[in-house]
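Work through the following exercises with the sequence and the model open. Each task is followed by a solution in steps.

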Amino acid sequence: MTNTSEDRSGQKSKIWDRFAKGYAEQPIADQEAYEKKLSLTQQYLKKDMEVLEYGCGTGGTSIIHAPFVKHILATDISGKMLEAAQKRLEESPVKNVEFQQVSIDQLELEKESKDVVLGLSILHLLKNRDEAIAKTYQWLKPGGLFVTSTTCMGSMGAAPLLKCVLPVVSFFGAVPYVNPMTKEDLRESLIKNKFEIEYEWQPKKDAAVFIIARKSA
């Protein structure tokens, strides 16, 4: 018999497996903003760093950052997403990225073992956002960085309608769960979990909020 956490993970993975092919083929919505986020992140990366990316999807960002660090462990809940990621990896010259299918709540890592954790386009998809941020803090070395890009639907103009519709359709498995949090909720979660926000950027009002936060040294 599986436990409740495993049951939830299995249900989520099936939802994302359905979206994997379209997700892999979908062009980046705002290429300029994406490239700026890559550049900003790479300013902090060093060749001796151990990096974790959870919710890596089809692996593109991990593969791009790989030449700047020692090793990246990239995880996702969807096996289909990771199949696409592995194909990308095999078609690239990169050798220091490892993909693993596992949910954040089931991921077990040594405390203070990572220099950087990437949580990109993932926190708004979690019901247990604070738990994930707390685990991130534990995994990071003192002075380590948490880089996140998060859709804060509660701060967007369409939020009132979506707040009503999304919980219903996500309950029936039609779409993934989306947390209707605000930018203030996100900041509060980071600060509550002892992170210091070093950088925050939002390219436009309805875009994701990009944050670089640091664990105290």
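**Exercise 1. Contacts and overall make-up**

Determine what share of the contacts with a separation of 6 or more comes from residues 24 or more positions apart, then describe the fold in outline.

Solution. Step 1: in this predicted model, residues 24 or more positions apart supply 72% of the contacts with a separation of 6 or more. Step 2: the protein contains 7 helices and 7 strands, and their order along the sequence is α-α-β-α-β-α-β-β-α-β-α-α-β-β. Step 3: of the 217 residues, 48% are buried.

**Exercise 2. Confidence**

State the mean pLDDT of the protein and the fraction of residues that reach 70 or more.

Solution. Step 1: the mean pLDDT is 87, and 83% of the residues reach 70 or more. Step 2: residues 159–174 have a pLDDT below 50, and this stretch makes 18 contacts in the model beyond near neighbours in sequence. Step 3: low pLDDT means that predicted coordinates should not be read in detail.

**Exercise 3. Strand β7 and its partners**

Decide whether strand β7 is largely enclosed or not, and find the strands bridged to β7.

Solution. Step 1: β7 spans residues 209–215; 6 of these 7 residues are buried, so the strand is largely enclosed by the rest of the structure. Step 2: β5 (residues 140–150) runs antiparallel to β7 and is joined to it by 6 bridges. Between these strands, Thr 148 is partnered with Ile 211, and Leu 145 with Arg 214. Step 3: β6 (residues 195–201) is also antiparallel to β7, again with 6 bridges. Here Glu 196 has Arg 214 as its bridge partner. Step 4: Arg 214 is therefore bridged to Leu 145 in β5 and to Glu 196 in β6.

**Exercise 4. From β4 to β5**

Establish how β4 and β5 are oriented and give the handedness of the connection.

Solution. Step 1: β4 and β5 run parallel and are joined by 6 bridges. Step 2: one position to check is Lys 114, which stands opposite Leu 140 in β5. Step 3: the chain passes from β4 through helix α5 (residues 129–139) to β5, a right-handed β-α-β crossover. Step 4: β5 is mostly covered, with 9 of its 11 residues buried.

**Exercise 5. The nonpolar cores**

Which members of the largest nonpolar core touch the most other members?

Solution. Step 1: the core has 25 residues, and those touching the most other members are Val 51, Ile 72, Val 97, Phe 99, Val 116 and Val 147. Step 2: elements giving two or more residues to this core include α2 (31–42), α4 (79–90), β5 and β7. Step 3: a second, separate core of 24 residues includes Leu 73, Leu 107, Phe 146 and Phe 195. Step 4: beyond four places in sequence, Phe 99 touches several residues, among them Cys 56, Ile 63, Leu 82 and Leu 89.

**Exercise 6. Two single residues**

Locate Ser 113 and Ala 84, and describe the surroundings of each.

Solution. Step 1: Ser 113 lies in the loop between β3 and β4. Its side chain reaches the backbone oxygen of Glu 110 at 2.7 Å. Beyond four places in sequence, Ser 113 touches Glu 50, Trp 139 and Lys 141. Step 2: Ala 84 belongs to helix α4. Its relative accessible area is 24%, so Ala 84 counts as partly exposed. Step 3: the C-alpha atoms of Ala 84 and Glu 25 are separated by 9.9 Å, with the two positions 59 residues apart along the chain.

Note on methods: Residues are numbered from 1 along each chain as its sequence is written. This is a predicted model: local features need pLDDT of at least 70, side-chain atom pairs count only at pLDDT 80 or more; totals for chains, interfaces and linings use all residues. Side-chain values use heavy atoms; hydrogens and water are left out. Buried means under 20% relative accessible area, exposed over 50%, partly exposed in between (1.4 Å probe, protein chains only). Helices (H or I, at least four residues) and strands (E, at least two) are DSSP runs, numbered from the N terminus. Two strands pair if DSSP finds at least two bridges between them. A nonpolar core is a set of buried Ala, Val, Leu, Ile, Met, Phe, Trp, Tyr and Cys residues joined through side-chain atoms within 4.5 Å. Contact means heavy atoms within 4.5 Å. A polar contact is a pair of N or O atoms within 3.5 Å; within protein, one must be able to donate a hydrogen and the other to accept it, and residues adjacent in sequence count only if both atoms are side-chain atoms. A crossover is right-handed if, with the strands pointing away from the viewer, the path from the first strand over the helix to the second runs clockwise. pLDDT is the predictor's confidence in each residue, from 0 to 100.
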